[in-house]
Amino acid sequence: MADVPEILAELASVEMHAIQTSGNCIRNTTTDQFAGVVAGEIEDPRPTCELIRQWSTFHPEFAFLPRKFKIAVNAHPDVDRAATQVHDIGVFIVRNAAGERGYKIMVGGGLGRTPIVGSIIRDFLPHQDLIAYLDAVLRVYNLHGRRDNKYKARIKILVKALTPAVFAEQVEAEFKHLQGGPLTVPDAEFERLASFFTAPAYETLPASAELAAARAADPVLDNWVHRNVTTHKVPGYAIVTLSLKKTGIAPGDITAEQMEAVADLADRYSFGELRSTHEQNLVLADVRQSDLPALHAELKVLGFDTANIGFLTNIICCPGGDYCSLANAKSIPIAEAIQRRYQDLEEVYDLGPIDLNISGCMNACGHHHVGHIGILGVDKRGAEFYQVSLGGSAGHDASIGDILGPSFDAGDMAEVIEEVLNTYLDLRQPGEAFLATYRRVGIEPFKERVYANAD
Ligand code: SF4
């Protein structure tokens, strides 16, 4: 605690702060970790995030809301990497039939003890009206959100109680007072905000023949590029995800020395920029394709080369009972037990894309509700047990997982997950991913097999 003032002072020296990271206010706005560099975006979402940040920071009217408030922005029509639909407000950058830029607005999503996917209250909002509309949403919530019960104070409870349609009507009524007023954002302001996110000094690069040759000669490199590297919108560059999911290390953990080494990699390979992901990994967003073999070799030394992004062992795991005083159960040993059972990467790849998320209590920091497989630590008469849910998704097809049934002992968890996955392997159709199979067959076959074998 004594070090905190110094830490804050050092953060301030590099333009970072912890203001509004706690309290019943609008928290930090989040977006895709590949924002501005990934192919296929409608536009870079960061200027929109910056607009929301400047509006919400120190906003005097919204400094004491009924409860905390989180906003996420998505700009990719095919992928949602920011779990946007389970935020208090989800802002989706869209274009209408006339090609005009605007936003689709969802409200009332969230996890925790009442998990809900948000509801659309506006299909298309002209871009200049974003702040006036968000102001209207916040005003309705500030006025009518419950302040008598902390567990019923989030906007999702209000939206559910009123129904999304009635909530939307109230927002539209408030918005009428604000539309066209001083909260209107002129295009020049969007341009000013966009100027904070200028592209680094990209070179004009030919397709890398060197990389193709290196991949052909080294199957390990080839596999890593296939799994952990994402297509960049600028030819000759690549987006690299550093996997912090090595078995035996708590998911997402990195030492100060490793962090220094990664900062050095960022300087040498990615214009000095490093990004973090809510899936607990790190990203170098602007790597020359010709540098990928050298970067891969350096990541190998650091242990961040595990080629498991998007697969079972890339587990999201909260700190749980090892560190968190709110926990009902430990999370980290469960992640490790599952990773140890699935050490063979070929077996992991055969299972296809799977999100497995673990939380140590119903606060759901590990996003277990939206894991294709979710694990929740529960307390049963002082003992640690684990509830499994299936069929969640944090993407554009967001859904809350269904609870499989009675909870399991810690020692059985790796086997339980194996039974779930074997059920999938038996039932899947050619090329069908876990989530698609689950949605086709439902929970019953999983339940039957897991509990039959548990008896
Ligand atoms: S989910 Fe619960 S146990 Fe895990 S970090 Fe959050 S509050 Fe702590």
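This report describes helix packing, loop residues and the surroundings of the ligand in one protein chain.

The model is predicted, and the values below are computed from its atoms.

**Helix packing**

Two packed helices are described by the angle between their axes and the distance between the axes. The table sets out three such pairs.

| Helix pair | Angle between axes | Distance between axes |
|---|---|---|
| α2 (residues 46-56) and α6 (residues 187-194) | roughly 105° | within 9 Å |
| α3 (residues 130-144) and α5 (residues 164-178) | about 125° | 8 Å |
| α11 (residues 332-341) and α13 (residues 413-427) | about 55° | 8 Å |

The axes of α2 and α6 cross at roughly 105°, which makes α2 roughly perpendicular to α6. In this contact Pro47, Glu50 and Leu51 of α2 meet Phe190, Leu193 and Ala194 of α6, and the residues involved divide into five nonpolar, no polar and one charged.

With an angle of about 125° between their axes, α3 and α5 are oblique to each other, and α3 passes α5 in a right-handed crossing. On the side of α3 the contact involves Ala132, Tyr133, Asp135, Ala136, Val137, Arg139 and Val140, which meet Phe167, Gln170, Val171, Glu174, Phe175 and Leu178 in α5. Sorted by class, this contact between α3 and α5 holds nine nonpolar, one polar and three charged residues.

The helices α11 and α13 pack at an angle of about 55°, and this makes α11 oblique to α13; here too the crossing, in which α11 passes α13, is right-handed. Ile334, Ala337, Ile338 and Arg341 of α11 make the contact together with Met413, Ala414, Ile417 and Glu418 of α13, and by class the contact of α11 with α13 comprises six nonpolar, no polar and two charged residues.

**Helix α4 and the residue after it**

Helix α4 spans residues 155-162, and its buried residues are Ile155, Lys156, Ile157, Leu158 and Val159. These buried residues of α4 pack against two strands, β4 (101-107) and β5 (119-126), and against the helices α3 and α5. Just after α4, threonine 163 takes a positive phi of about 80°. Most residues other than glycine have a negative phi, and most peptide bonds are trans.

**Loop residues**

Two further residues other than glycine have a positive phi, one being glutamate 15, with phi near 60°, and the other alanine 83, with phi near 50°. Glutamate 15 is found in the loop between α1 (4-13) and β1 (30-31), whereas alanine 83 lies in the loop between β2 (71-74) and β3 (89-95). Their surroundings contrast: glutamate 15 has 6 other C-beta atoms within 10 Å and is therefore exposed, while alanine 83 has 22 other C-beta atoms within 10 Å and is therefore buried.

Histidine 232 belongs to the loop between β6 (229-231) and β7 (237-242), and it counts as buried because 21 C-beta neighbours lie inside 10 Å. The C-alpha atoms of histidine 232 and phenylalanine 34 are separated by 9.0 Å, although the two residues are 198 residues apart along the chain. When residues up to four places away in sequence are left out, histidine 232 touches Val37, Ala39, Tyr237, Ala238 and Ile239.

Leucine 111, in the loop between β4 and β5, is likewise buried, since 25 other C-beta atoms lie within 10 Å. Not counting residues up to four places away in sequence, leucine 111 touches Val86, Ala364, His367 and His369. Between the C-alpha atoms of leucine 111 and isoleucine 332, which are 221 residues apart along the chain, the separation is 20 Å.

**Around the ligand**

There are 13 residues around the ligand, and of these Cys318, Cys324, Gly360, Cys361 and Cys365 come nearest. The shell around the ligand divides into eight nonpolar, five polar and no charged residues; cysteine is counted here as nonpolar and glycine as polar.

Terms used. Residues are numbered from 1 along each chain as its sequence is written. This is a predicted model: local features need pLDDT of at least 70, side-chain atom pairs count only at pLDDT 80 or more; totals for chains, interfaces and linings use all residues. Axes are lines fitted to C-alpha atoms, for helices over the stretch in contact, and angles run from 0 to 180 degrees between N-to-C directions. Helices (H or I, at least four residues) and strands (E, at least two) are DSSP runs, numbered from the N terminus. Angles under 35 degrees count as roughly parallel, over 145 as roughly antiparallel, 65 to 115 as roughly perpendicular and the rest as oblique. Two residues are in contact if their C-beta atoms, placed from the backbone, lie within 7 Å. A crossing is left-handed if the near helix is turned anticlockwise from the far one by less than a right angle, and right-handed if clockwise. A residue is near a molecule or strand if its C-beta atom, placed from the backbone, lies within 6 Å of it. A residue is buried if 20 or more other C-beta atoms lie within 10 Å of its own, exposed if 12 or fewer, and partly exposed in between; C-beta atoms are placed from the backbone.
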